[in-house]
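I opened this notebook to record what I looked up in the model. The entries follow the order of my queries.

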Amino acid sequence: MVQHTIRQKPRRWTGPGFETFGSIFGFVYTFLAGNVLLAVANAPLVLCLALVADPAAAWPFFLALSVTVAPSLAGIFAAFRALNDDGGAVKPVAAFLRGYTRSFRRAAPLGLGAVAVLLFLGVDLVIVQAMPAAAVLVPLIVVAAAVTVSLAVTATAGVVLLPEATLKGVLKASLYLSIRRWYLSLAMLVLLGIIVSAALLQPVMGVALAPAPLLFVVWSNASFAFHAVLRNE
């Protein structure tokens with residue numbers, strides 16, 4: 001009886017594939033390019049942050065300069081959406097510019113409205129601090145400001161995710177999501193607070209390193225919330 005011996009070839013460890021490295025490169029490239037594009041799109045704000053010694057003392061001026069933030073958020077959110085679709089083949093600069101131009105007509109009013117409301121609330125906050133009812137009014141104003149920021153950022157993400165929807169419809173959906181999924185809104189505010197703190201403390205390094213990775217988390221949460229609602233309809 002003849003016995004046949006079957007030789008097994010030793011397994012070779014191939015390590016991470018090309019797609020893995022491409023995906024990592026796509027993220028890094030998108031984050032680096034996104035930070036640069038955000039700085040360029042908000043150049044007046046970034047320049048003044050770098051030149052003024054105490055930006056907090058001139059908060060109305062800097063708040064007025066932040067009207068450019070909403071369209072730039074639409075641009076970076078469009079780049080993140082392209083990153084999800086294209087992976088390592090993403091072209092973040094082109095995606096940012098495309099998202100910025102396509103969403104500007106709807107994102108710019110969101111930014112302008114948010115800045116106007118925050119200016120109004122900020123002035124009210126300064127006034128009511130000297131009133132006897134400050135203990136009640138100050139928390140209400142802070143909550144209103146938090147809802148305004150959350151609504152504006154969520155609606156900007158909605159403008160990118162739902163380009164065919166009306167701005168009124170996006171605002172209604174964003175208000176619903178901001179309240180219903182309050183924990184995501186709270187996480188968003190914490191991340192935005194980190195970005196603002198980094199920009200105030202170290203304008204150059206803060207803008208160069210912090211925004212894009214943290215905004216990616218904001219975008220991911222907003223995208224998840226919108227898609228969860230759409231799936232349940």
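**Entry 1: Leu209**

I looked up Leu209 before anything else and found that it is exposed, because its relative accessible area of 52% is over the 50% cut-off. I note for the record that the model is a predicted one. I then located Leu209 in helix α9, which covers residues 203–209. I also checked a pair distant in sequence: Leu209 and Leu32 are separated by 177 residues along the chain, yet their C-alpha atoms are 7.7 Å apart in space.

**Entry 2: The chain as a whole**

I next asked how many helices and strands the protein chain has. I obtained 10 helices and 0 strands, and the pattern along the sequence accordingly reads α-α-α-α-α-α-α-α-α-α. The chain has 233 residues, and I find 38% of them counted as buried. I computed an accessible surface of about 14100 Å² for the protein chain, with 70% of it belonging to carbon and sulfur atoms. For contacts between residues at least 6 apart in sequence, I recorded that 75% join residues at least 24 apart.

**Entry 3: Nonpolar cores**

I turned to the largest nonpolar core, which has 30 residues. Those with the most contacts inside this core are Ile76, Phe77, Phe80, Val153, Leu215 and Trp219. Which elements each supply at least two residues of this core? I listed α1 (18–41), α4, α5, α6, α8 (182–201) and α10 (211–232). The element that gives the most to the core is α10, with 8 residues. Apart from this core I noted another, of 6 residues, among them Leu45, Leu49, Ala199 and Val207.

**Entry 4: Phe77 and Val153**

I examined two of the residues with the most contacts inside the largest core, Phe77 and Val153. Phe77 sits in helix α4. Is Phe77 buried or exposed? I record it as buried, because its relative accessible area of 1% is under the 20% cut-off. Leaving out residues up to four places away in sequence, I found Phe77 touching Val153, Thr156, Ala157, Val160, Leu215, Val218 and Trp219. I also took the C-alpha distance from Phe77 to Gly34, which is 9.5 Å for two residues 43 apart in sequence.

With residues up to four places away again not counted, I found that Val153 touches Leu73, Phe77, Met188, Leu192 and Val218. Val218 thus appears in the contact list of Phe77 and in that of Val153.

**Entry 5: The largest pocket**

I queried the open spaces next. The largest pocket holds about 1500 Å³ of space. I counted 45 residues lining this pocket, and those closest to its centre are Leu63, Ser66, Leu118, Val149 and Val196. I divided the lining by class into 37 nonpolar, 8 polar and no charged residues.

**Entry 6: The second largest pocket and Ser103**

For the second largest pocket I obtained about 320 Å³ of space. Its lining has 15 residues, and Ala78, Arg81, Gly99, Arg102 and Val160 lie nearest the centre. I found that α4 (69–86), α5 and α6 (134–161) each supply at least two lining residues, and that α5 gives the most, with 7. How does this lining divide by class? I recorded 6 nonpolar, 2 polar and 7 charged residues.

I looked up Ser103 as a residue of helix α5, which spans 92–128. Ser103 counts as buried, because its relative accessibility of 8% is under the 20% cut-off. Beyond its neighbours within four places in sequence, I found Ser103 in contact with Ala74, Val159 and Val160. Val160 is also one of the residues nearest the centre of the second largest pocket.

**Entry 7: The enclosed cavity**

Lastly, I searched for closed space and found 1 cavity of 30 Å³ or more. I put its volume at about 90 Å³. The residues I listed in its lining include Ser150, Thr154, Arg181, Met188, Val218 and Asn221. The elements giving two or more lining residues are α6, α7 (167–180), α8 and α10. Of these, α10 provides the largest share, 4 residues. By class I recorded 6 nonpolar, 5 polar and 1 charged residues in this lining. Met188 and Val218, both in the cavity lining, are also among the residues that Val153 touches.

Notes:
Residues are numbered from 1 along each chain as its sequence is written. This is a predicted model: local features need pLDDT of at least 70, side-chain atom pairs count only at pLDDT 80 or more; totals for chains, interfaces and linings use all residues. Side-chain values use heavy atoms; hydrogens and water are left out. Buried means under 20% relative accessible area, exposed over 50%, partly exposed in between (1.4 Å probe, protein chains only). Contact means heavy atoms within 4.5 Å. On a 1 Å grid over the protein atoms alone, a cavity is a set of points where a 1.4 Å probe fits but cannot get out, and a pocket is an open set with protein on both sides within 12 Å along at least five of seven lines; lining residues have an atom within 4 Å of a point. Grid points are joined across faces, edges and corners, and a volume is the space filled by probe spheres set on the points. Ala, Val, Leu, Ile, Met, Phe, Trp, Tyr, Cys and Pro count as nonpolar, Asp, Glu, Lys and Arg as charged, and the others, Gly among them, as polar. Accessible areas come from the Shrake-Rupley method with a 1.4 Å probe; for residues, only the protein chains shown count as cover. A nonpolar core is a set of buried Ala, Val, Leu, Ile, Met, Phe, Trp, Tyr and Cys residues joined through side-chain atoms within 4.5 Å.
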